[in-house]
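Work through these exercises with the model in view. Each task is followed by a solution in steps.

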Amino acid sequence: MPSVLVTGANRGLGLEFVRQYCVDGWNVIATCRDPAGASDLNALDAKYPSLNVHALDVADFTAIDRLAAELKGRPIDVLLNNAGAFGPKPAGDNDPRQTFGHMDYDVWAEILRINTMAPMKMAEAFIDNIVTSTQKKIAAISSIEGSISRAKGSIYAYKTSKAALNMVMRNLGMDLAKRGVMTATFCPGWIKTRMGGPSAPLEAEPSIAGIRRIIADLTPQTSGQFWLWNGELNPY
Ligand SMILES: NC(=O)c1ccc[n+]([C@@H]2O[C@H](COP(=O)([O-])OP(=O)(O)OC[C@H]3O[C@@H](n4cnc5c(N)ncnc54)[C@H](OP(=O)(O)O)[C@@H]3O)[C@@H](O)[C@H]2O)c1
């Protein structure tokens, strides 16, 4: 069976990716910051022998290298960069630290490290696992908030981090094509998770099923694109 590595797998969309790939019989490497506290992920771990859970804070690049050394020689068909942070919420939490006049530059750097640099670091660290696999795919969960042509102001840290992630993924698609690697970037829609909040109109299940279908159908011709979960293409 193919194998997938999912970051931020303890809750939300990452947990749903793990659940669906486990149901389909894939070998799943699920990573999260605190495996001991990941009760939903541990319940899946108890049910599916093909699931392995590893600790990983994606902002810790030494830890990424350590995990890559641990998994050396193990093919990874799909590297799924899902972990992400929104940062301070102006609406809801009334926290202005990523709005004009109130920017917190340490927060901005932290969000860029998690959302933009970590997916690049993951690709660099796990490239040997990917190129020795059958499918050779790298996917990232971005957001339509990273679309420059759709920008409506505010939320600078999150939006710039996802716009830059889109650029990382597009360039990885170009650079790695000669090694047979395909990339895909996704907006999952607005989903009921801790980040999406309870007012979100969509559940995780159909969004993740849609994203998995697009990943499964990727070809060298469709590599490097920015998709909506339902198969439409997003504007950059
Ligand atoms: N939900 C939506 O409406 C929506 C819309 C567009 C895009 N997205 C994107 O979808 C992805 C998943 O989000 P979600 O909705 O599932 O949000 P979520 O419920 O808030 O989950 C975020 C996940 O990322 C993990 N994470 C954050 N910082 C991390 C770090 N430094 N190292 C490792 N893991 C870290 C969290 O782990 P902890 O539990 O340890 O914090 C958690 O597992 C994100 O990239 C997000 O930007 C979501």
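**Exercise 1. Backbone angles in two loops**

Locate I155 and say whether I155 is buried or exposed.

Step 1. I155 lies in the loop between strand 5 and helix 5. Helices (H or I, at least four residues) and strands (E, at least two) are DSSP runs, numbered from the N terminus.
Step 2. I155 has 16% relative accessibility, so I155 counts as buried. Buried means under 20% relative accessible area, exposed over 50%, and partly exposed in between (1.4 Å probe, protein chains only).
Step 3. Look at the backbone: phi of I155 is near 50 degrees, a positive value in a residue other than glycine.
Step 4. Compare that with the general rule. Most residues other than glycine have a negative phi.
Step 5. Now take K136, in the loop between helix 4 and strand 5. Its phi is near 55 degrees, also a positive value in a residue other than glycine. K136 is buried, with a relative accessible area of 19%.

A note on the model: it is predicted, local features need pLDDT of at least 70, side-chain atom pairs count only at pLDDT 80 or more, and totals for chains, interfaces and linings use all residues. Residues are numbered from 1 along each chain as its sequence is written, and side-chain values use heavy atoms, with hydrogens and water left out.

**Exercise 2. The sheet**

Give the strand order and find the edges.

Step 1. Seven strands make an open sheet, in the order 3-2-1-4-5-6-7. The pairing is parallel. Two strands pair if DSSP finds at least two bridges between them.
Step 2. Strand 3 (51–55) and strand 7 (225–228) are at the edges. Each has a single partner strand, so one side of each lacks a neighbour in the sheet.
Step 3. From one strand to the next, the twist averages 20 degrees. Axes are lines fitted to C-alpha atoms, for helices over the stretch in contact, and angles run from 0 to 180 degrees between N-to-C directions.
Step 4. Zoom in on one pair. Strand 1 (residues 3–6) and strand 4 (residues 78–81) run parallel and are joined by three bridges. V6 has L80 in strand 4 as its bridge partner.

**Exercise 3. Helices on the sheet**

Find which strands helix 5 touches, then examine L165.

Step 1. Helix 5 (residues 156–176) packs on the sheet and touches strand 5 (137–141), strand 6 (182–187) and strand 7. Its direction makes about 170 degrees with that of strand 5.
Step 2. L165 is in helix 5. L165 counts as buried, at 1% relative accessibility.
Step 3. Leave aside neighbours within four places in sequence. L165 is then in contact (heavy atoms within 4.5 Å) with N115, T116, P119, A140, I141 and S142.
Step 4. Check one of these. N115 and L165 are 50 residues apart in sequence, yet 6.8 Å apart in space, C-alpha to C-alpha.
Step 5. Turn to helix 2 (residues 39–47). Helix 2 lies across strand 2 (27–32) and strand 3, at about 145 degrees to strand 3.

**Exercise 4. Aromatic rings**

Count the aromatic pairs and describe two of them.

Step 1. Apply the rule: rings of Phe, Tyr and Trp (its six-membered ring) pair if their centres lie within 6.5 Å; planes under 30 degrees apart count as stacked, over 60 as edge-to-face and the rest as tilted. The count is four aromatic pairs.
Step 2. Y21 and W26 form a tilted pair, 4.5 Å centre to centre with 50 degrees between the planes. Both are buried.
Step 3. Y105 and W108 form a tilted pair too, at 5.8 Å centre to centre and 35 degrees between the planes. They are three residues apart in helix 4 (residues 105–131), so about one helical turn separates them.
Step 4. Y105 counts as exposed, at 56% relative accessibility. W108, at 22%, counts as partly exposed.
Step 5. Add the charges. The charged end of R212 sits over the ring of Y21, 4.4 Å from its centre. The rule here is NZ of Lys or CZ of Arg within 6 Å of the ring centre and within 35 degrees of the ring normal.

**Exercise 5. Cysteines**

How many disulfides are there?

Step 1. A disulfide is a pair of cysteine sulfur atoms within 2.5 Å. The count is zero.
Step 2. The closest cysteine sulfur to that of C22 is in C32, 13 Å away, too far for a bond.
Step 3. C22 is buried, with a relative accessible area of 3%. C32 counts as buried at 1% relative accessibility.
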